[in-house]
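Here are a few exercises to work through with the viewer open. Try each one yourself before you read the solution.

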Amino acid sequence: MRKLIAAMKTSTDAKMGGSEGYADWVEAWSDDYGLMTQIDACLLGAGMYPEYERYWTTIQNEPEKPAWITGSPPTPAEIEWARFAAQTPHYVLSSTLKSALWPRTRFVRGLDEVAALKRQPGKDIYLVGGARTTASLIDAGLVDELRLIVYPLIAGKGQALFATTERRHGLELRKVQQMPGGRLSLIYGIG
Ligand SMILES: NC(=O)c1ccc[n+]([C@@H]2O[C@H](COP(=O)([O-])OP(=O)(O)OC[C@H]3O[C@@H](n4cnc5c(N)ncnc54)[C@H](OP(=O)(O)O)[C@@H]3O)[C@@H](O)[C@H]2O)c1
(Lines give C-alpha, C1' and ligand atoms only; values in the text may rest on other atoms or scores of the structure.)
Protein backbone atom coordinates (compact mmCIF):
# COMPACT_ATOMS: atom_id res chain seq x y z
CA MET A 1 0.00 0.00 0.00
CA ARG A 2 1.20 3.51 -0.76
CA LYS A 3 2.23 5.54 2.28
CA LEU A 4 0.60 8.89 3.03
CA ILE A 5 3.35 11.23 4.24
CA ALA A 6 2.42 14.53 5.90
CA ALA A 7 5.21 17.11 5.68
CA MET A 8 5.11 20.67 7.04
CA LYS A 9 7.29 23.56 8.14
CA THR A 10 6.27 24.64 11.62
CA SER A 11 7.42 26.94 14.38
CA THR A 12 8.72 25.34 17.59
CA ASP A 13 5.27 25.83 19.12
CA ALA A 14 3.83 23.80 16.20
CA LYS A 15 2.13 26.67 14.40
CA MET A 16 1.41 26.30 10.68
CA GLY A 17 1.19 30.02 10.27
CA GLY A 18 1.44 33.19 12.31
CA SER A 19 -1.13 35.87 13.05
CA GLU A 20 -1.08 37.00 9.38
CA GLY A 21 -2.41 33.57 8.39
CA TYR A 22 0.72 32.14 6.84
CA ALA A 23 4.19 30.99 7.89
CA ASP A 24 6.21 34.13 7.20
CA TRP A 25 9.25 32.51 8.85
CA VAL A 26 9.66 30.10 5.91
CA GLU A 27 12.28 31.46 3.52
CA ALA A 28 11.49 29.01 0.69
CA TRP A 29 8.69 26.49 0.09
CA SER A 30 11.02 24.01 -1.56
CA ASP A 31 10.83 20.24 -0.99
CA ASP A 32 13.26 20.16 1.94
CA TYR A 33 11.75 16.85 3.08
CA GLY A 34 13.40 14.78 0.33
CA LEU A 35 10.03 13.67 -1.01
CA MET A 36 10.30 14.36 -4.73
CA THR A 37 11.78 10.98 -5.70
CA GLN A 38 9.45 9.07 -3.38
CA ILE A 39 6.00 10.40 -4.31
CA ASP A 40 3.86 10.63 -7.42
CA ALA A 41 0.76 12.38 -6.00
CA CYS A 42 -0.10 15.21 -3.61
CA LEU A 43 -3.13 15.52 -1.33
CA LEU A 44 -4.34 18.89 0.06
CA GLY A 45 -7.27 20.35 1.94
CA ALA A 46 -9.69 22.77 0.35
CA GLY A 47 -8.62 25.54 2.73
CA MET A 48 -5.13 25.79 1.31
CA TYR A 49 -5.55 24.55 -2.26
CA PRO A 50 -6.50 27.81 -4.07
CA GLU A 51 -3.53 29.72 -2.61
CA TYR A 52 -1.17 26.79 -3.21
CA GLU A 53 -2.24 26.63 -6.86
CA ARG A 54 -1.79 30.39 -7.25
CA TYR A 55 1.63 30.39 -5.55
CA TRP A 56 3.14 27.65 -7.73
CA THR A 57 1.49 28.87 -10.93
CA THR A 58 3.05 32.31 -10.42
CA ILE A 59 6.49 30.81 -9.77
CA GLN A 60 6.22 28.67 -12.88
CA ASN A 61 5.08 31.57 -15.08
CA GLU A 62 7.18 34.37 -13.56
CA PRO A 63 10.28 32.80 -11.95
CA GLU A 64 12.05 36.19 -11.73
CA LYS A 65 9.30 37.83 -9.67
CA PRO A 66 9.41 37.99 -5.83
CA ALA A 67 7.07 35.29 -4.61
CA TRP A 68 4.05 35.94 -2.45
CA ILE A 69 4.70 34.84 1.21
CA THR A 70 8.51 34.83 1.06
CA GLY A 71 8.79 38.20 -0.74
CA SER A 72 11.97 36.96 -2.48
CA PRO A 73 12.50 35.63 -5.98
CA PRO A 74 11.94 31.86 -5.99
CA THR A 75 14.98 29.72 -5.23
CA PRO A 76 16.15 27.11 -7.79
CA ALA A 77 14.66 24.43 -5.52
CA GLU A 78 11.29 26.22 -5.51
CA ILE A 79 11.35 26.42 -9.31
CA GLU A 80 12.13 22.69 -9.38
CA TRP A 81 9.09 22.01 -7.16
CA ALA A 82 6.89 24.27 -9.32
CA ARG A 83 7.81 22.14 -12.36
CA PHE A 84 7.34 18.88 -10.46
CA ALA A 85 3.97 20.01 -9.07
CA ALA A 86 2.69 20.98 -12.52
CA GLN A 87 3.28 17.41 -13.75
CA THR A 88 2.07 15.60 -10.63
CA PRO A 89 -1.56 14.65 -9.90
CA HIS A 90 -3.02 16.67 -7.01
CA TYR A 91 -6.03 15.49 -5.01
CA VAL A 92 -8.05 18.04 -3.04
CA LEU A 93 -10.16 16.90 -0.10
CA SER A 94 -13.31 19.02 -0.26
CA SER A 95 -17.07 18.85 -0.15
CA THR A 96 -17.44 22.33 -1.66
CA LEU A 97 -14.74 23.08 -4.26
CA LYS A 98 -15.77 22.12 -7.77
CA SER A 99 -13.04 23.35 -10.09
CA ALA A 100 -9.31 23.91 -10.27
CA LEU A 101 -7.03 25.61 -12.77
CA TRP A 102 -4.55 22.75 -12.93
CA PRO A 103 -5.64 20.01 -15.34
CA ARG A 104 -4.16 17.24 -13.16
CA THR A 105 -6.16 18.25 -10.07
CA ARG A 106 -9.00 15.97 -8.93
CA PHE A 107 -11.36 16.24 -5.96
CA VAL A 108 -11.84 13.62 -3.26
CA ARG A 109 -15.05 13.94 -1.28
CA GLY A 110 -14.32 12.00 1.88
CA LEU A 111 -12.02 9.73 3.89
CA ASP A 112 -13.09 6.58 1.98
CA GLU A 113 -11.76 8.10 -1.21
CA VAL A 114 -8.45 8.92 0.49
CA ALA A 115 -8.21 5.29 1.65
CA ALA A 116 -8.97 4.14 -1.91
CA LEU A 117 -6.23 6.42 -3.24
CA LYS A 118 -3.74 4.73 -0.91
CA ARG A 119 -4.77 1.31 -2.25
CA GLN A 120 -4.09 2.31 -5.86
CA PRO A 121 -0.74 1.22 -7.29
CA GLY A 122 1.94 3.91 -7.32
CA LYS A 123 4.56 5.68 -5.31
CA ASP A 124 3.83 7.33 -1.95
CA ILE A 125 1.48 10.34 -1.55
CA TYR A 126 2.55 13.69 -0.07
CA LEU A 127 0.00 15.25 2.30
CA VAL A 128 0.82 18.94 1.86
CA GLY A 129 -1.65 20.24 4.48
CA GLY A 130 -3.36 22.22 5.79
CA ALA A 131 -3.80 21.84 9.52
CA ARG A 132 -7.42 20.66 9.70
CA THR A 133 -7.00 18.16 6.90
CA THR A 134 -3.84 16.73 8.44
CA ALA A 135 -5.54 16.44 11.85
CA SER A 136 -8.60 14.66 10.42
CA LEU A 137 -6.49 12.24 8.38
CA ILE A 138 -4.26 11.43 11.36
CA ASP A 139 -7.36 10.78 13.50
CA ALA A 140 -8.72 8.51 10.75
CA GLY A 141 -5.49 6.47 10.84
CA LEU A 142 -4.66 7.30 7.24
CA VAL A 143 -1.31 9.11 7.75
CA ASP A 144 1.72 6.81 7.93
CA GLU A 145 4.54 9.29 8.42
CA LEU A 146 4.97 12.84 9.66
CA ARG A 147 7.92 14.92 8.48
CA LEU A 148 8.38 18.23 10.25
CA ILE A 149 10.89 20.96 9.65
CA VAL A 150 10.83 22.90 12.91
CA TYR A 151 12.00 26.51 12.84
CA PRO A 152 13.71 28.07 15.88
CA LEU A 153 10.85 30.40 16.70
CA ILE A 154 7.85 30.64 19.02
CA ALA A 155 5.19 32.04 16.73
CA GLY A 156 2.61 32.80 19.41
CA LYS A 157 -0.79 33.52 17.90
CA GLY A 158 -1.51 31.47 14.81
CA GLN A 159 -3.00 28.25 13.52
CA ALA A 160 -1.72 25.21 15.43
CA LEU A 161 -1.00 22.08 13.42
CA PHE A 162 -2.76 19.77 15.88
CA ALA A 163 -5.48 22.16 17.14
CA THR A 164 -8.30 19.96 15.84
CA THR A 165 -6.73 16.54 16.48
CA GLU A 166 -9.16 14.63 18.69
CA ARG A 167 -7.20 11.60 19.85
CA ARG A 168 -3.75 10.78 21.24
CA HIS A 169 -1.35 9.23 18.74
CA GLY A 170 1.97 7.63 19.62
CA LEU A 171 4.85 8.57 17.35
CA GLU A 172 7.97 6.59 16.49
CA LEU A 173 10.98 8.85 15.98
CA ARG A 174 12.76 7.60 12.85
CA LYS A 175 15.24 10.34 11.98
CA VAL A 176 16.50 13.64 13.38
CA GLN A 177 18.71 15.97 11.40
CA GLN A 178 20.00 19.44 12.19
CA MET A 179 19.60 21.82 9.25
CA PRO A 180 21.09 25.24 8.48
CA GLY A 181 19.63 28.23 10.33
CA GLY A 182 18.81 26.26 13.47
CA ARG A 183 16.08 24.27 11.78
CA LEU A 184 15.43 20.70 12.79
CA SER A 185 14.20 17.95 10.48
CA LEU A 186 12.13 15.30 12.28
CA ILE A 187 10.67 12.15 10.78
CA TYR A 188 8.09 10.21 12.79
CA GLY A 189 6.16 7.05 12.02
CA ILE A 190 2.54 7.21 13.19
CA GLY A 191 1.20 4.05 14.81
N1 LIG B 1 3.54 25.60 7.49
C2 LIG B 1 3.27 24.70 6.55
O3 LIG B 1 4.13 23.87 6.17
C4 LIG B 1 1.92 24.68 5.90
C5 LIG B 1 1.64 23.67 4.96
C6 LIG B 1 0.37 23.66 4.41
C7 LIG B 1 -0.59 24.59 4.77
N8 LIG B 1 -0.28 25.54 5.66
C9 LIG B 1 -1.28 26.52 6.07
O10 LIG B 1 -2.47 25.84 6.50
C11 LIG B 1 -3.58 26.72 6.30
C12 LIG B 1 -4.74 25.91 5.73
O13 LIG B 1 -5.16 24.95 6.69
P14 LIG B 1 -6.68 24.84 7.13
O15 LIG B 1 -6.72 23.94 8.30
O16 LIG B 1 -7.25 26.22 7.28
O17 LIG B 1 -7.40 24.22 5.87
P18 LIG B 1 -7.17 22.85 5.07
O19 LIG B 1 -6.79 21.75 6.00
O20 LIG B 1 -6.28 23.11 3.90
O21 LIG B 1 -8.62 22.61 4.49
C22 LIG B 1 -9.74 22.35 5.32
C23 LIG B 1 -10.88 21.95 4.41
O24 LIG B 1 -10.57 20.69 3.80
C25 LIG B 1 -11.75 19.93 3.67
N26 LIG B 1 -11.62 18.76 4.55
C27 LIG B 1 -10.74 18.58 5.56
N28 LIG B 1 -10.93 17.38 6.14
C29 LIG B 1 -11.94 16.80 5.47
C30 LIG B 1 -12.59 15.57 5.60
N31 LIG B 1 -12.25 14.66 6.53
N32 LIG B 1 -13.59 15.28 4.74
C33 LIG B 1 -13.94 16.16 3.81
N34 LIG B 1 -13.35 17.37 3.63
C35 LIG B 1 -12.36 17.69 4.47
C36 LIG B 1 -12.90 20.83 4.12
O37 LIG B 1 -13.25 21.58 2.96
P38 LIG B 1 -14.79 21.76 2.47
O39 LIG B 1 -15.34 22.82 3.36
O40 LIG B 1 -14.67 22.14 1.03
O41 LIG B 1 -15.45 20.42 2.66
C42 LIG B 1 -12.21 21.74 5.10
O43 LIG B 1 -12.87 22.96 5.28
C44 LIG B 1 -3.12 27.82 5.37
O45 LIG B 1 -3.05 29.02 6.12
C46 LIG B 1 -1.75 27.39 4.92
O47 LIG B 1 -0.89 28.49 4.74
C48 LIG B 1 0.96 25.62 6.24
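A polar contact here is a pair of N or O atoms within 3.5 Å. Keep in mind that this is a predicted model.

**Exercise 1. Find the polar backbone atoms that sit by the ligand, and say how much of the ligand the protein covers.**

Step 1. Start at G21: one of its polar backbone atoms is 3.1 Å from an oxygen atom of the ligand. That pair falls within the 3.5 Å cut-off.

Step 2. Go on to G47, where a polar backbone atom and a ligand oxygen are 2.9 Å apart.

Step 3. Now pick a nitrogen atom of the ligand: a backbone N or O atom of K9 lies 2.7 Å away.

Step 4. Finish with the area. On its own the ligand has 940 Å² of accessible area, and the protein covers 81% of that.

**Exercise 2. Describe the ligand's site: which pocket is it, and what makes up the shell?**

Step 1. The site is the largest pocket, and that's where the ligand sits.

Step 2. List the elements that give two or more residues to the shell: these are β1 (4-11), β5 (124-129) and α4 (131-139). The biggest giver is α4, with four residues.

Step 3. Zoom in on the residues themselves. There are 22 around the ligand, and K9, S94, S95, T96 and T133 come nearest.

Step 4. Sort the shell by class, and you get nine nonpolar, 11 polar and two charged residues.

**Exercise 3. Is T105 buried or exposed, and what does its side chain touch?**

Step 1. Locate T105 in strand β4, which spans residues 105-108.

Step 2. Check the accessibility. T105 has a relative accessible area of 8%, so it counts as buried, the cut-off being under 20%.

Step 3. Look for a partner: the T105 side chain makes a polar contact with the side chain of Y49, at 2.7 Å.

**Exercise 4. Compare G158 and P152: where do they lie, how accessible are they, and how far is each from D13 in space?**

Step 1. G158 belongs to the loop between β6 (145-151) and β7 (171-178), and P152 is in the loop between β6 and β7 too.

Step 2. Assign the classes. G158 is at 36% relative accessibility, so call it partly exposed. P152 is at 55%, so it counts as exposed, given that exposed means over 50%.

Step 3. Bring in D13. G158 is 145 residues from D13 in sequence, yet their C-alpha atoms are 9.8 Å apart. For P152 and D13, the chain separation is 139 residues and the C-alpha distance 9.3 Å.

**Exercise 5. Where does the backbone have a cis peptide bond, and which residue has a positive phi although it is not a glycine?**

Step 1. Scan omega: at about -5 degrees, the bond joining G129 and G130 is cis. G130 lies in the loop between β5 and α4.

Step 2. Scan phi: A14 comes up with about 60 degrees. This residue is in the loop between β1 and β2 (39-45), and its relative accessible area of 24% makes it partly exposed.

**Exercise 6. Place M179 and give its distance to Y151.**

Step 1. M179 is in the loop between β7 and β8 (184-190). Its relative accessible area is 16%, so M179 is buried.

Step 2. From M179 to Y151 you count 28 residues along the chain, with 9.6 Å between the C-alpha atoms.

Key: Residues are numbered from 1 along each chain as its sequence is written. This is a predicted model: local features need pLDDT of at least 70, side-chain atom pairs count only at pLDDT 80 or more; totals for chains, interfaces and linings use all residues. Side-chain values use heavy atoms; hydrogens and water are left out. A residue is near a molecule or strand if one of its heavy atoms lies within 4 Å of it. A polar contact is a pair of N or O atoms within 3.5 Å; within protein, one must be able to donate a hydrogen and the other to accept it, and residues adjacent in sequence count only if both atoms are side-chain atoms. Accessible areas come from the Shrake-Rupley method with a 1.4 Å probe; for residues, only the protein chains shown count as cover. On a 1 Å grid over the protein atoms alone, a cavity is a set of points where a 1.4 Å probe fits but cannot get out, and a pocket is an open set with protein on both sides within 12 Å along at least five of seven lines; lining residues have an atom within 4 Å of a point. A molecule sits in a cavity or pocket if more than half of its atoms lie within 2 Å of its grid points. Ala, Val, Leu, Ile, Met, Phe, Trp, Tyr, Cys and Pro count as nonpolar, Asp, Glu, Lys and Arg as charged, and the others, Gly among them, as polar. Buried means under 20% relative accessible area, exposed over 50%, partly exposed in between (1.4 Å probe, protein chains only).
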